[in-house]
Amino acid sequence: MSPWTLLALPPLPETFIRSLLAPLGDRVDVRVPAARERDALLAALPDAEIVLGDWTGTLVLDGAAVAAAPRLAFVQQPSVGVDGHDLAALTAAGVPLANTPGVSAVAVSEWCLAAALALARRLVAGDAAVRAGEWPQQSLRPYELRGRSVGVVGHGPIGVACAELFRALGCEVRFWTRTPREDPAYQDLGALLAGSDVVVVVIALSEETKHLVDPALMKPGALLVNAARGEVVDQAALVRALRSGHLAGAALDVFETEPPPPGDPLRELPNVLLSPHVAGVTPEASGRLLTAVVDNLRAAVEGRELTGVVNGLPPTVRRKSFGTTTR
């Protein structure tokens with residue numbers, strides 16, 4: 001059988017991409033777009049049978065891109081989030097889309113816990129004060145998280161890991177997810193927001209979850225930790241809640257526009273901890289991600305069952321040729 005044409009979109013040097021995919025051997029013909037631009041992507045798609053996605057969201061498979069790829073049989077996204085891709089168009093074309101669930105759960109959950117602790121203990125403000133020659137022992141007013149109520153928005157692998165860490169710290173943890181659960185820790189979203197001292201957001205972005213979290217509905221004096229996507233939280237409402245003092249602070253690894261542009265008020269607010277979308281970026285998580293990606297690509301070209309398919313199609317790949325479909 002001739003090799004599968006694999007179009008690789010990650011923002012990495014071509015030589016590095018080829019070395020990463022070397023375990024697939026001669027089963028694949030690896031190609032990259034001529035440039036990291038949409039026109040170059042569209043030009044490369046007609047021959048593509050497998051696409052290895054771009055985790056930055058620069059090169060996405062929207063409806064027009066899917067229409068430009070008649071031979072496309074499988075998309076492997078090297079991240080948990082698949083926002084930007086047109087899942088409906090891929091599904092209609094019979095193309096399974098897989099992500100890498102769970103690979104960053106440890107990294108992201110640890111970041112969420114560290115961020116909440118940093119906010120509660122006023123670590124950034126204390127550091128800045130001491131560097132400025134101050135000694136604010138009486139004015140910082142840090143507090144403990146033990147015994148506080150924590151609400152986790154999202155209950156995938158990351159949400160589960162967050163709940164475990166905060167419970168281990170002695171917090172009372174509740175969670176909300178789009179599918180109601182027969183679990184005593186499950187709580188309606190409105191009640192979760194209104195009753196939590198810390199709200200941790202780790203749910204995937206979709207049309208259903210855009211601006212899902214309104215900070216105005218949160219408990220006065222609460223903390224918000226967002227490691228999901230910027231658009232899951234109403235960012236304008238977040239700025240208002242922070243400025244007014246309704247929220248005591250926020251820790252953000254994600255933003256509606258990345259990086260936040262000059263003039264973004266989040267960059268000026270003193271009660272916000274800002275992070276450059278690195279909650280899931282650790283050597284350990286990267287190693288798990290690469291293993292998951294290569295294993296799934298190998299399964300695809302060998303006709304074995306895939307893992308992590310998110311658009312409801314059977315977890316198998318069928319090769320397309322001349323308007324017919326073959327294994």
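Reader: At about what angle does helix α5 run to β9?
Author: This is a predicted model, with residues numbered from 1 along each chain as its sequence is written. Local features need pLDDT of at least 70, side-chain atom pairs count only at pLDDT 80 or more, and totals for chains, interfaces and linings use all residues, while side-chain values use heavy atoms, without hydrogens and water. Helix α5 (residues 105–120) lies across β8 (198–201), β9 (222–226), β10 and β11. Angles run from 0 to 180 degrees between N-to-C directions, with axes fitted to C-alpha atoms, for helices over the stretch in contact, and α5 to β9 comes to about 150 degrees.

Reader: What is the strand order in the sheet with β8 and β9?
Author: That sheet is open, has 6 strands and pairs in the parallel sense. Two strands pair if DSSP finds at least two bridges between them. The order is β7-β6-β8-β9-β10-β11.

Reader: Which strands are the edges of that sheet?
Author: An edge strand here pairs on one side only. From one strand to the next, the twist averages 15 degrees. The edges are β7 (172–176) and β11.

Reader: Which residue in β11 is the bridge partner of Leu-252?
Author: Strand β10 (residues 247–252) runs parallel to β11, and 3 bridges join them. In β11, Leu-252 has as its partner Leu-274.

Reader: Is Leu-273 buried or exposed?
Author: Leu-273 is found in β11 (residues 272–274). Buried means under 20% relative accessible area, exposed means over 50%, and partly exposed lies in between (1.4 Å probe, protein chains only). Leu-273 has a relative accessible area of 17%, so it is buried.

Reader: How far apart in space are Leu-273 and Ala-250?
Author: Contact means heavy atoms within 4.5 Å. Not counting residues up to four places away in sequence, Leu-273 touches several residues, including Trp-111, Ala-118, Leu-119 and Ala-250. Leu-273 and Ala-250 are 23 residues apart in sequence. From C-alpha to C-alpha, they are apart by 6.3 Å.

Reader: What is the order of the 5 strands in the open sheet that holds β1?
Author: Helices (H or I, at least four residues) and strands (E, at least two) are DSSP runs, numbered from the N terminus. The pairing in this sheet is parallel. Its edge strands, each paired on one side only, are β2 and β5 (97–98). The full order is β2-β1-β3-β4-β5.

Reader: Which helix packs on the sheet and touches β1, β2, β3, β4 and β5?
Author: Its direction makes about 170 degrees with that of β4. It spans residues 283–301, and its name is α10.

Reader: How many residues of strand β1 are buried?
Author: Strand β1 covers residues 4–8 and is mostly covered. On one side, Trp-4, Leu-6 and Ala-8 are buried, and on the other, Thr-5 and Leu-7 are buried. The count is 5 of 5.

Reader: Which residue in β3 is the bridge partner of Leu-7?
Author: Strand β1 and strand β2 (residues 28–31) run parallel, joined by 4 bridges, and Leu-7 stands opposite Arg-31 in β2. Strand β1 also pairs with β3 (residues 50–52) over 3 bridges. There, Leu-7 has as its partner Val-51.

Reader: Which residue in β4 stands opposite Val-51?
Author: Strands β3 and β4 (residues 74–76) pair in the parallel sense over 3 bridges. Opposite Val-51 stands Val-75.

Reader: What is the handedness of the β-α-β unit that β1, helix α1 and β2 make?
Author: Point the strands away from the viewer: if the path from the first strand over the helix to the second runs clockwise, the crossover is right-handed. Helix α1 covers residues 14–20. The unit of β1, α1 and β2 is right-handed.

Reader: How many disulfides are there?
Author: A disulfide is a pair of cysteine sulfur atoms within 2.5 Å. By this rule the count is 0.

Reader: How far is the sulfur of Cys-171 from the closest cysteine sulfur?
Author: Cys-112 is in no disulfide, with the sulfur of Cys-162 nearest at 4.0 Å. Cys-112 is buried, with a relative accessible area of 0%. Cys-171 also counts as buried, at 9% relative accessibility. Its sulfur is too far from that of Cys-162 for a bond, because the distance is 12 Å.

Reader: What percentage of the 327 residues of the protein count as buried?
Author: The secondary structure comes to 10 helices and 13 strands. Along its principal axes, the C-alpha trace spans about 75 × 45 × 30 Å. The buried portion of the protein is 46%.
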